[in-house]
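User: I would like a close look at one part of this model, set against the rest of the chain. Please keep it plain.

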Amino acid sequence: HDVRIAYEALAWGRFVDSYEQAARIVRIADHDRIGVCLDSFHILSKGHSPEAIETIPGDRIFFVQMADAPILTMDVLSWSRHHRVFPGEGGFDLGTFMTHLARTGYDGPLSLEIFNDTFRQSDPRVTAVGARRSLRWPEHQAAAARGPSSTGRSARMSTAALPAVDAPTS
């Protein structure tokens, strides 16, 4: 049926709560239709280092979900469901996340997974424009990560760097 399954570790998971555990399970399954879903919120909210993302071959990463969040001290499930914001609007180091992702050779889509009470009540057109704008920044980070990783793989995501910005004048 040409179906692929992307396995995602949730930050509040009882048995699997890290992307490294999920990647290990995918390796053990050893099936070309089973891969990993990486979610920046689940990785960064738990304080997991994104460095080991580079150990996952890009063709085994099936999907990537992006979200930022303000740094809060609360249970991770409530934080996830009510306080996610667009990339660049919170306190997570998404630049480092994107650099490691780009170096895997991943060339698939970046999806936004934003749960936020304010966005639910906002004009969908305004939210959509903000969403597209917020994806330009991680794309820029991926474009800047074109060099080879510690595993020797180079970034190949379909991205474009943001244009250079002139210094302000008085």
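Where is Asp30 found?

Analyst: Asp30 is found in the loop between α1 (19-29) and β2 (34-39). The model is predicted, so local features are given only at pLDDT of at least 70 and side-chain atom pairs only at pLDDT 80 or more, while totals for chains, interfaces and linings use all residues. Residues are numbered from 1 along each chain as its sequence is written, and side-chain values use heavy atoms, with hydrogens and water left out. Helices (H or I, at least four residues) and strands (E, at least two) are DSSP runs numbered from the N terminus.

Asp30 is not a glycine, yet its phi is positive, at about 50°. Most residues other than glycine have a negative phi. Asp30 counts as exposed because its relative accessibility is 67%; the cut-offs are under 20% relative accessible area for buried and over 50% for exposed, with partly exposed in between (1.4 Å probe, protein chains only). Asp2 also has a positive phi without being a glycine, here of about 60°. Asp2 lies in the segment before β1 (5-7), and it counts as exposed because its relative accessibility is 62%.

The elements on the two sides of the Asp30 loop belong to one unit: β1, α1 and β2 make a right-handed β-α-β unit. Right-handed means that, with the strands pointing away from the viewer, the path from the first strand over the helix to the second runs clockwise. Within this unit, α1 lies across β1 and β2 and runs at about 170° to β2. Such angles run from 0 to 180 degrees between N-to-C directions, with axes fitted to C-alpha atoms, for helices over the stretch in contact. β1 and β2 run parallel and are joined by 3 bridges; strands pair if DSSP finds at least two bridges between them. Two of the partners in β2 can be named: Ile34 is the bridge partner of Ile5, and Val36 is that of Tyr7.

β2, the strand after the loop, is mostly covered, with 5 of its 6 residues buried. On to β3 (61-66), β2 makes 4 bridges, again in a parallel pair, and Leu38 stands opposite Val64 in β3. The whole sheet is open and has 4 strands in the order β1-β2-β3-β4, with parallel pairing. β1 and β4 (110-112) have a single partner strand each, so they stand at the edges and one side of each is left without a neighbour in the sheet. From one strand to the next the twist averages 35°.

Another helix packs on the sheet. Helix α4 (residues 94-102) lies across β2, β3 and β4, and runs at about 165° to β3. α4 is mostly covered, with 8 of its 9 residues buried; among them are Leu94, Phe97, Met98 and Leu101.

Just past β2 in the numbering comes helix α2 (residues 40-44), which holds Ser40. Ser40 counts as buried because its relative accessibility is 0%. Contact means heavy atoms within 4.5 Å; beyond its neighbours within four places in sequence, Ser40 has contacts with Ser45, Gln65, Met66, Ala67, Leu94 and Phe97. Of these, Leu94 and Phe97 are buried residues of α4.

Ser80, in helix α3 (residues 76-82), is a second serine with little accessible area, and it counts as buried because its relative accessibility is 1%. A polar contact of 2.8 Å joins the side chains of Ser80 and Arg84. The cut-off for a polar contact is a pair of N or O atoms within 3.5 Å; within protein, one must be able to donate a hydrogen and the other to accept it, and residues adjacent in sequence count only if both atoms are side-chain atoms. Leaving aside neighbours within four places in sequence, Ser80 is in contact with Trp12, Phe41 and Phe115.

For the chain as a whole, the secondary structure comes to 6 helices and 4 strands, in the sequence pattern β-α-β-α-β-α-α-β-α-α. Of the 170 residues, 43% are buried. Among contacts with a separation of 6 or more, 70% are between residues 24 or more positions apart. The accessible surface comes to about 9500 Å², of which 53% belongs to carbon and sulfur atoms, by the Shrake-Rupley method with a 1.4 Å probe.
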